[in-house]
Amino acid sequence: MVNAAVLGYGTVGSGVVEVLRTNRDIIRRNVGDEVRVKYVLDLRDFPGDPVEDVLVHDFDVIINDPEVDIVVETMGGLKPAFEFTKKALKAGKSVCTSNKELVAAHGTELLQTAKANQVSYLFEASCGGGIPIIRPLISSLTADEIDGVSGILNGTTNYILTKMDTDGSEFSDALAEAQKNGFAERNPSADIEGGDACRKIAILSSIAYGRHISWDKIYTEGISGISAADFKYAQEIGAKIRLVATSVKKPEGYYAMVAPGMVNESDPLYGVNGVFNAVKVHGNMLGDAMFYGSGAGKLPTASAVAGDVVDEARHLHETITTYWSDEELPLQPVGNMENRFFVRVQGSASDRAEEIRKIFGNAETISLPSLPGEFAFITDRMKESEFADRSGKLGGMISRIRVLFA
C-alpha cells in the first residue's frame with residue numbers, strides 16, 4: 001500500500017482525489033501496488049463529502065505519519081506551500097505539485113532538498129495543465145540540445161483572445177464572459193497581464209537549458225491592451241493574435257519574452273483555440289516538436305498530478321532526476337531581440353506614406369473601410385531597441401503588436 005496526502009481540497013486537489021479513486025484499478029496496475037489517499041488537508045470542512053473520512057486540519061498529522069509516502073501539494077501560492085513542501089521532503093516523503101508559482105520561485109532549492117533526502121519532487125502539471133511536457137524534457141529529449149521553447153501557456157488568455165477573434169468582442173466583454181464561464185478568476189491579473197505564462201516559460205526554459213532562469217527577469221506584456229480593431233487587421237492579413245511565451249538560444253546568448261503576437265496558418269499555434277494550450281520545442285537534432293492539450297481545468301490538471309503520483313509510487317525512496325542547476329542563466333537585453341511589428345496609427349496611408357517611409361523604410365500598409373481615420377503598417381525585422389527609437393519619431397501611434405511570421 002502506497003499512502004498519499006493531498007494538501008488543499010480546491011479545484012485541483014479535489015480533482016486529484018477523484019482521479020486517484022476513479023482510476024484506482026489502472027493506477028494499481030501501473031504502480032504494482034494500491035495508492036490510497038490517507039489524508040486531505042484543508043482549513044475548511046466539507047459536510048456530506050466522502051473526503052470527510054480522511055480530512056485533517058493540521059499539517060503535523062501528515063508530516064509525523066511515517067506511513068505517508070507521497071505528499072500532493074495543490075494549495076497554490078508560496079505560503080505555506082513552500083514551508084510544507086520542504087518539511088515533507090526533509091521527512092523523506094516525495095512531493096508533487098501543480099503550483100507554478102512555487103516551482104518558478106524555489107524549484108532548484110526543492111529539487112536539491114529532494115535529492116539530499118532520497119525522494120522526488122515532480123511538477124508536471126505546473127506548466128501545461130494536462131499536457132505532458134516536463135517529462136519529455138527531462139527524459140525523452142535529453143539527447144538533443146534544446147535551442148528554443150515557445151507556446152501558448154495560459155488557457156484564460158487564449159479563451160479571451162479566441163472569443164475576441166471569433167465574435168468581435170472587446171477585451172472587457174470577453175473577460176467578463178470568461179469569468180462567467182469559470183475560465184477566469186475574479187481577480188484575473190496574473191493571467192491577463194502575463195505573469196502566469198511568464199512563470200511557466202521560466203520553468204520550461206530552465207529545464208530545457210539546464211540552468212535557472214528567474215521569471216522576474218523575463219520581459220512580459222499582457223493582453224489588456226488588445227482591441228477588437230486589432231483583430232480586424234489580423235483577419236485582413238490571415239493572422240490570429242495570441243499571447244506567446246518564448247525563449248530562444250542565439251549565438252550571442254539567450255532571450256525570453258511573453259507578449260501578444262500575430263501568428264499565421266504556417267504556425268502550429270494558429271490552430272490553438274479556447275482554453276487549449278500548446279508548447280513547441282526545437283532541438284538541434286529533433287527539429288520541431290509540438291505538445292498540445294487542455295491547458296487548464298480540474299481533471300486535465302489533476303490527471304497530470306496523478307501521473308506524478310504514479311511515477312513517485314514506482315520509485316519510492318528514490319530520486320527521479322530533474323537536471324535544473326541553480327546556476328543563473330543570464331538573459332540578453334530584450335532590446336537586442338529582433339521582431340517585426342504591426343503598428344496602428346492615426347491618419348490615412350496616402351497622407352502619411354512618405355513619413356512612414358522615412359522612419360521605417362518600405363512598410364506594408366493596411367487600410368480598412370470599417371476603421372476610418374486610421375491605418376496600419378508592418379515593419380521589416382528589426383531590434384526591439386531600434387523599433388523603440390523609430391516609433392518615438394512617429395506621431396499618432398495607437399498600438400503595436402509583434403508579428404511572429406515572415
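Helices, in the sense used here, are DSSP runs of H or I with at least four residues, numbered from the N terminus. The model on display is a predicted one.

**Helix α9**

Select residues 171-180, which make up helix α9, and pick out Ala176 within that helix. Is Ala176 buried, partly exposed or exposed? Its relative accessibility is 40%. Because residues between the 20% and 50% limits are classed as partly exposed, Ala176 falls into that class. Next, add Ser206 to the selection and draw a C-alpha to C-alpha distance from Ala176: the two residues lie 30 positions apart in sequence and 34 Å apart in space.

**The whole chain**

Now zoom out to the full protein. Colouring by secondary structure should bring up 15 helices and 19 strands. The radius of gyration is 23 Å, close to the 22 Å given by the globule rule for 406 residues, so the protein is as compact as a globular protein of that length. Turned onto its principal axes, the C-alpha trace spans about 75 × 45 × 35 Å.

With a surface representation switched on, the accessible area comes to about 17,300 Å², and carbon and sulfur atoms supply 48% of that area. Of the 406 residues, 56% count as buried. Among contacts with a separation of 6 or more, 74% are between residues 24 or more positions apart. Charged side chains may be coloured next: 41 are positive and 56 are negative, and the centres of the two sets lie 2 Å apart.

**The six-stranded sheet**

Select strands β1 to β6. In what order do the six strands stand in the open sheet? The order is β3-β2-β1-β4-β5-β6, with parallel pairing. At the edges are β3 (55-56) and β6 (121-122); each has a single partner strand, so one side of each is left without a neighbour in the sheet.

Within this sheet, focus on β1 (residues 2-7) and β4 (residues 68-73), which are joined in the parallel sense by five bridges. A convenient pair to label is Asn3 and its bridge partner in β4, Val68.

From β4, follow the chain into the loop that leads to α4 (81-90), where Pro80 is found. The peptide bond to inspect here runs from Lys79 to Pro80: it is cis, with omega near 0 degrees.

**Two residues with positive phi**

Most residues other than glycine have a negative phi, and most peptide bonds are trans. The cis bond just visited is therefore set against that background, and two further stops concern phi.

Centre the view on Gln118, in the loop between α5 (100-116) and β6. The phi of Gln118 is near 55 degrees, a positive value in a non-glycine residue. Gln118 is also exposed, at 55% relative accessible area.

Then move to His317, in the loop between α13 (298-314) and β14 (325-328). Here phi is near 60 degrees, again positive in a residue other than glycine. The relative accessible area of His317 is 53%, and this residue is exposed.

**Strand β19 and its partners**

For the last stop, select β19 (residues 397-403) together with β11 (residues 253-264); the two run parallel and are joined by two bridges. Label Gly261 and, opposite it in β19, Arg402.

Add β15 (residues 338-346) to the view. Which way does β15 run relative to β19, parallel or antiparallel? The two strands are antiparallel, and six bridges join them. To see one of the pairings, label Arg344 and Ser399, its bridge partner in β19.

Conventions. Residues numbered from 1 in each chain as written. Predicted model: local features only at pLDDT ≥ 70, side-chain atom pairs only at ≥ 80, totals over all residues. Heavy atoms only, no water. Rg over C-alpha atoms; globule rule 2.2 N^0.38 Å. Buried < 20%, exposed > 50% of the residue type's maximum accessible area, 1.4 Å probe, protein only. Contact = heavy atoms within 4.5 Å. Areas by Shrake-Rupley, 256 points an atom, 1.4 Å probe, with all protein chains shown as cover. Lys, Arg positive; Asp, Glu negative; His and termini not counted. Charge placed at Lys NZ, Arg CZ, Asp CG, Glu CD. Pairing = 2+ DSSP bridges.
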